[in-house]
Amino acid sequence: MSQPLSSAEKSILDKTGLEKSHELLTCTAKSPPFSYVHLELVTDGSASVELDNLMVKSYCTAALRQFLGLTGVAIPIDILKVDASHCWLRVPQPDLGMFAAAITAWKGSSDGGTQCLLRVKQCSDWLGTMVGGDDQDWLWHS
């Protein structure tokens with residue numbers, strides 16, 4: 001809680017036309033052009049399947065084609081990182097909802113008797129809000 005101004009401070013502020021605090025910078029965060037998605041590969045078997053860029057692109061294209069047809073296939077996907085069974089993608093911000101719905105509705109793919117599907121772990125308009133999210137699972141499921 002701030003302390004009330006003394007009479008000397010009030011007179012100085014009145015003479016100079018200044019306020020006690022000043023706004024130095026105003027910044028408005030507008031709607032970003034891209035959104036970010038963290039996906040995880042889930043398998044039904046004990047066989048460990050590691051993702052690669054081609055597999056991620058193939059699975060995402062299959063999911064978008066099944067859910068939205070040619071309109072879904074036209075959604076551009078940028079693969080930012082693939083690490084074991086996790087991947088991080090960038091999609092246009094207006095298409096995030098359709099992309100997440102397509103991945104969620106996708107029935108998966110059978111690869112050598114092992115059923116594989118992608119699960120949406122996180123999605124956000126800001127990549128910075130997703131950083132460190134892996135440790136949150138450990139916190140609640142340890």
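This is a guided tour of the structure, moving from the whole fold to single side chains.

**The whole chain**

Begin with everything shown as a cartoon, and keep in mind that the model is predicted. The protein has five helices and five strands, and anyone who follows the sequence from its start will meet them in the pattern α-β-α-α-β-β-α-β-β-α. Of the 142 residues in the protein, 30% are buried. Among contacts with a separation of 6 or more, 66% are between residues 24 or more positions apart.

**The sheet**

Next, select the strands, which form an open sheet of five in the order β2-β3-β1-β5-β4, with antiparallel pairing. At the edges you will find β2 and β4, each of which pairs on one side only. As you step across the sheet, the twist averages 30° from one strand to the next. Strands of a sheet pair through backbone hydrogen bonds, in either a parallel or an antiparallel sense.

**The hairpin of β2 and β3**

Now narrow the selection to β2, residues 78-83, and β3, residues 86-92, which pair in the antiparallel sense over five bridges. Two residues stand between the strands of this hairpin, and there Ala84 takes a positive phi near 55°. Which residue of β3 is the bridge partner of Lys81? The partner is Trp88, and if you show both side chains you can see that the charged end of Lys81 sits over the ring of Trp88, 5.6 Å from the ring centre. Another charge over a ring can be found by selecting Arg90 together with Phe34, where the charged end of Arg90 lies 4.1 Å from the centre of the Phe34 ring.

**The cysteines**

Staying in the hairpin, select Val82, whose bridge partner in β3 is Cys87. Cys87 is buried, with a relative accessible area of 0%, and Cys116 is likewise counted as buried at 0% relative accessibility. How many disulfides does the structure contain? The count comes to zero. For Cys87, which is in no disulfide, the nearest cysteine sulfur is that of Cys60, 6.1 Å away; because a disulfide needs two cysteine sulfur atoms within 2.5 Å, this distance does not qualify.

**Helix α2 and the aromatic pair**

Turn next to helix α2, which lies across β1 (34-43), β2, β3, β4 and β5 (114-124) and runs at about 125° to β2. A search of the whole structure finds one aromatic pair, and to see this pair you should select Tyr59 and Trp106, whose rings are tilted, 5.2 Å apart centre to centre with 45° between the planes. The pair links distant parts of the chain, since Tyr59 belongs to α2 (residues 53-68) whereas Trp106 lies in the loop between α4 (96-105) and β4 (109-111), 47 residues apart. Are the two members of the pair buried or exposed? Tyr59 is buried, with a relative accessible area of 6%, and Trp106 also counts as buried, at 7% relative accessibility.

Technical notes
Residues are numbered from 1 along each chain as its sequence is written. This is a predicted model: local features need pLDDT of at least 70, side-chain atom pairs count only at pLDDT 80 or more; totals for chains, interfaces and linings use all residues. Side-chain values use heavy atoms; hydrogens and water are left out. Rings of Phe, Tyr and Trp (its six-membered ring) pair if their centres lie within 6.5 Å; planes under 30 degrees apart count as stacked, over 60 as edge-to-face and the rest as tilted. Helices (H or I, at least four residues) and strands (E, at least two) are DSSP runs, numbered from the N terminus. Buried means under 20% relative accessible area, exposed over 50%, partly exposed in between (1.4 Å probe, protein chains only). A charge sits over a ring if NZ of Lys or CZ of Arg is within 6 Å of the ring centre and within 35 degrees of the ring normal. Two strands pair if DSSP finds at least two bridges between them. Axes are lines fitted to C-alpha atoms, for helices over the stretch in contact, and angles run from 0 to 180 degrees between N-to-C directions. Contact means heavy atoms within 4.5 Å.
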